Amino acid sequence: MKEDDIRPAYLLDGQRQALLHDIALLLARCGEFVEVACPACGSQAARFKFEKNGFRYLDCQECATFYMSPRPSPAVLDAFYRQSENYSYWAQHIYPASASARQVSVIVPRVERVLELCRKHEVGGGALLEIGAGYGSFCEEMGRRGFWQRVVGIEPTPQLAAHCRAQGVQIEERTIEAFAADTPQRFEVIVAFEVIEHLFEPAAVVASLERLLKPGGLLILTCPNGLGFDVQQLGSYSSCVDHEHLNYFNTRSLPGLLARFGLQPLDSFTPGKLDAELVRNGIAAQGREAALEPFLHEVLFMRWESLGAEFQRFLANSGLSSHMWVVARKPGSLEVDLG
């Protein structure tokens, strides 16, 4: 997989314009931003990390999570996502242009990894819930596998929820907190891909997810790894650091957050494929090749063709990719039905 496969280069100028609009949209309401403690461990011990596009980021001195503070309030975030030009641009241009490549390189591998984790931990056959179903691609593909009696998606954005229904996906068009508060449904597996980094208060959502899980059920989360190679090398220049991402957990702090709500962390891993390419492209765009320490300059530039892929495998296998998965179980026993 190449970066251009899922984010076609010829569309990036238009996306940058949409991003600038969205940044201005948020900053216009900066008077409503809220100071917060660490979203992972709750510590108030933090120091300034950097500022980007008018947003301030802090480093937690207890668990190494970094996070935006002050951050947009829940009301500001709700209005923002309804007016975002970037989301509209992705819907109208980037997703259609990259749909086939994204299905092959992102959606199908994601479905297969979830099924692998379910078999490994002997869970499945009943109901699966996806938080933030988006365009419904994961739910649709998972439903085709015949592994579940029921696949449900949570998608509070009306336009996206309507698209999911048009694809035949069962959708709850409300927030996860609202759904958890009044539904009797419980799920063997809950998944959330690239969601938790966007949340104003991740702890409140984790509490809701714990309530929705059956005893013995699995929670599977993916998000950026704030201690990954891309973020470590590029810092505020990383494309991962943007106005929508409020929380940058790591492979220790996110399991710690889940444990605070009685969930048992089982595994964390970083199967990313693009870190080395992203860093190489980022360093080149800044003209900083000569400033790299010799080892990275050798790998990323002098011997990229022979060493690049192997170096990326090293990052992924060592937990140093900037994209991570975390798996946790709700204590208790679950009747096994693998279909």
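**Exercises on helix α8 and the overall fold**

The buried residues of α8 are Pro202, Ala203, Val205, Val206, Ala207, Ser208, Leu209 and Leu212, where buried means under 20% relative accessible area with a 1.4 Å probe, protein chains only. The model is predicted, so local features need pLDDT of at least 70 and side-chain atom pairs pLDDT 80 or more, while totals for chains, interfaces and linings use all residues. Residues are numbered from 1 along each chain as its sequence is written, and side-chain values use heavy atoms, without hydrogens and water.

**Exercise 1.** Determine how many residues of helix α8 are buried, and which elements they pack against.

*Solution.*
- Helix α8 covers residues 202-212; helices are DSSP runs of H or I with at least four residues, strands runs of E with at least two, numbered from the N terminus.
- Of its 11 residues, 8 are buried, and the helix is mostly covered.
- These buried residues pack against the strands β4 (127-131), β7 (187-193), β8 (213-224) and β9 (247-248), and against the helices α7 (176-182) and α10 (253-260); contact means heavy atoms within 4.5 Å.

**Exercise 2.** Assess whether the radius of gyration agrees with that of a compact globule.

*Solution.*
- The radius is taken over C-alpha atoms, and the globule rule is 2.2 Å times the number of residues to the power 0.38.
- For 339 residues the rule gives a value near 20 Å; the protein has 20 Å, which agrees.
- The C-alpha trace spans about 60 × 50 × 40 Å along its principal axes.
- Buried residues make up 52% of the 339 residues.

Methods. Buried means under 20% relative accessible area, exposed over 50%, partly exposed in between (1.4 Å probe, protein chains only).
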